[in-house]
Amino acid sequence: MIVNERITAYINTLERELPTHLYELEQTALSEGVPIIKKDTQTFLRFLLASGKPRRILEVGAAVGFSAIFMSEYMPENCRITTIEKVEMRLVKARKNIADASKGDKITLLEGDALVLLKQLAAMEENSFDFIFLDAAKAQYMNFLPELMKLLSKGGLLVTDNVLQDGTVAESRYGITRRDRTIHSRMREYLYTITHMEQLETAVIPVGDGVTVSTKLY
Ligand SMILES: C[S@@+](CC[C@H](N)C(=O)[O-])C[C@H]1O[C@@H](n2cnc3c(N)ncnc32)[C@H](O)[C@@H]1O
């Protein structure tokens, strides 16, 4: 938790309730230990979708499909989502959850490693996504960035989740266990890059596990 627990608990009391099917999906995912977007991140995404009114969303990291199904509830009617997942066990559940939610016409699930799939997509669909939600392996965010920049349209939003890693990203390298040092330095590199790239205007926001919102200026 990166914000005072009491404040987060209070903010959560203000959140709107999820529709029943999403609530059940959320509870199942949490009980199975699937790392899905937190309540305050959900609200933040809902706000971005309502204000930005995207037409094509790309998500990297579908897990069991919760955030994709969530976004499909709050995006404009004519919007479509492409989401990527590579772990077979999660893909099985994502396919089923998307079908059960009757979202097959709105959500396309791409199966495989995002690095490979993003390269293929970028070769075919340059500038075609106006909203990208990056929520996959944190250590790979830097590797994904060049392809995401190609895929993002001018004025589009790149939203990245889990950037503050429970606040540990603010610790000095020496305060981090040896095991987590690589991910710590990679996330710092990612944050430094997206906050200093001329092509992006980025805000780092302490919501959920830390979210950045970047818009592509040109
Ligand atoms: C935090 S979870 C995504 C949660 C989901 N966005 C939600 O809130 O419902 C991250 C997912 O990214 C997937 N992932 C990580 N690296 C990946 C890669 N290189 N290619 C495809 N999927 C990847 C993991 O298997 C995991 O299911």
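Me: Which helix gives the most to the lining of the largest cavity?
Reply: This is a predicted model, in which local features need pLDDT of at least 70 and side-chain atom pairs pLDDT 80 or more, while totals for chains, interfaces and linings use all residues. Residues are numbered from 1 along each chain as its sequence is written, and side-chain values use heavy atoms, without hydrogens and water. A cavity is a set of points on a 1 Å grid over the protein atoms alone where a 1.4 Å probe fits but cannot get out, and lining residues have an atom within 4 Å of a point. With 4 residues in that lining, the top contributor among helices (DSSP runs of H or I, at least four residues, numbered from the N terminus) is α3, residues 39-52.

Me: How much space lies in the largest cavity?
Reply: Its lining is made up of Glu15, Arg16, Leu18, Lys39, Gln42, Thr43, Arg46 and Phe70. A volume here is the space filled by probe spheres set on grid points joined across faces, edges and corners. For the largest cavity that comes to about 40 Å³.

Me: Where does the ligand sit?
Reply: A pocket is an open set of grid points with protein on both sides within 12 Å along at least five of seven lines. A molecule sits in one if more than half of its atoms lie within 2 Å of its grid points. By that test, the ligand's place is the largest pocket.

Me: What is the volume of the largest pocket?
Reply: The lining counts 31 residues, with Gly61, Arg90, Asp135, Ala136 and Ala137 nearest the centre. Both α4 (66-74) and β2 (80-85, a strand being an E run of at least two residues) supply at least two lining residues each. The volume of the largest pocket is about 560 Å³.

Me: How far is a nitrogen atom of the ligand from an N or O atom in the side chain of aspartate 135?
Reply: Polar contacts to the ligand are pairs of N or O atoms within 3.5 Å. One joins a ligand nitrogen to a polar backbone atom of lysine 86 at 3.4 Å, and another reaches the side chain of aspartate 113 at 3.4 Å. For the side chain of aspartate 135, the distance is 2.8 Å.

Methods. Polar contact = N/O pair within 3.5 Å; in protein donor to acceptor, adjacent residues only side chain to side chain.
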